[in-house]
Amino acid sequence: MPVESCTLPTTEQPLRVAEIDDLFAAALTAVYHLAGDRARLVLSGPAGLRERAQDLADRETGCCSFFEFTVNTSDGDPSTVLVDIAVPANRADVLAALVDRAAAHLARAEEVR
């Protein structure tokens with residue numbers, strides 16, 4: 001039975017948020033909120049990006065088992081990584097917060113350009 005809350009120790013949560021922010025800052029090119037319980041992040045970057053995203057997704061699922069991540073390259077292009085995220089309907093608020101955070105990163109990146 002999935003845990004309905006995050007089990008990551010409180011002291012480690014800011015580090016995880018910083019890690020997610022670093023990934024967004026380095027590689028996020030698009031975010032799509034497909035439905036209340038599904039989203040897609042599009043990342044672009046150097047070799048090893050898929051593995052970096054998969055590692056982070058695996059660790060996030062380890063403490064927040066209600067997340068379901070699917071990490072793939074786009075049409076075999078290792079520089080474009082698609083991260084599909086799904087959550088149960090009762091955790092849509094958590095997904096919305098993640099999507100909002102990603103969108104804010106994109107908005108800041110656009111301001112810099």
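These legends accompany several close-up views of a predicted model.

**View 1. The whole chain, from one end to the other.**
Let's start with the parts list: the protein chain holds three helices and four strands. Walking from the N terminus, you meet them in the order α-β-β-α-β-β-α. Of the 113 residues of the chain, 35% count as buried. The chain exposes about 6500 Å², and carbon and sulfur atoms supply 55% of that area. Take contacts with a separation of 6 or more: residues 24 or more positions apart account for 56% of them.

**View 2. Four strands side by side.**
Here the four strands form an open sheet in the order 1-2-4-3, with antiparallel pairing. Strand 1 and strand 3 are the edge strands, as each pairs on one side only. From one strand to the next, the twist averages 15°. In general, strands of a sheet pair through backbone hydrogen bonds, either parallel or antiparallel.

**View 3. Strand 1 meets strand 2.**
Six bridges link strand 1 and strand 2 in the antiparallel sense. Which residue of strand 2 is the bridge partner of V31? Look for L41, the partner of V31.

**View 4. Helices on the sheet.**
Helix 2 packs on the sheet and touches strand 2, strand 3 and strand 4. The direction of helix 2 makes about 175° with that of strand 3. Helix 3 packs on the sheet too, touching strand 1, strand 2 and strand 4. Its direction makes about 150° with that of strand 1.

**View 5. Inside the nonpolar core.**
The largest nonpolar core has 28 residues. Those with the most contacts inside this core are L41, L43, F67, V83 and I85. Elements that give two or more residues to the core include helix 1 (13-27), strand 2 (38-44), strand 4 (77-86) and helix 3 (92-112). In soluble globular proteins, nonpolar side chains tend to be buried together.

**View 6. F67 and its contacts.**
Zoom in on F67, one of the residues with the most contacts inside the core. Leaving aside residues up to four places away in sequence, F67 touches E60, T61, I85, A86, V87, V94 and L98.

**View 7. Two cysteines, C63 and C64.**
Why is there no disulfide between C63 and C64? The sulfur of C63 is 3.9 Å from the closest cysteine sulfur, in C64, which is too far for a bond because a disulfide needs the two sulfur atoms within 2.5 Å. The count of disulfides comes to zero. Both cysteines are buried: C63 has a relative accessible area of 6%, and C64 has 4%.

Key: Residues numbered from 1 in each chain as written. Predicted model: local features only at pLDDT ≥ 70, side-chain atom pairs only at ≥ 80, totals over all residues. Heavy atoms only, no water. Buried < 20%, exposed > 50% of the residue type's maximum accessible area, 1.4 Å probe, protein only. Contact = heavy atoms within 4.5 Å. Areas by Shrake-Rupley, 256 points an atom, 1.4 Å probe, with all protein chains shown as cover. Core = buried A, V, L, I, M, F, W, Y, C linked by side-chain atoms within 4.5 Å. Pairing = 2+ DSSP bridges. Axes fitted to C-alpha atoms, helices over the stretch in contact; angles between N-to-C directions.
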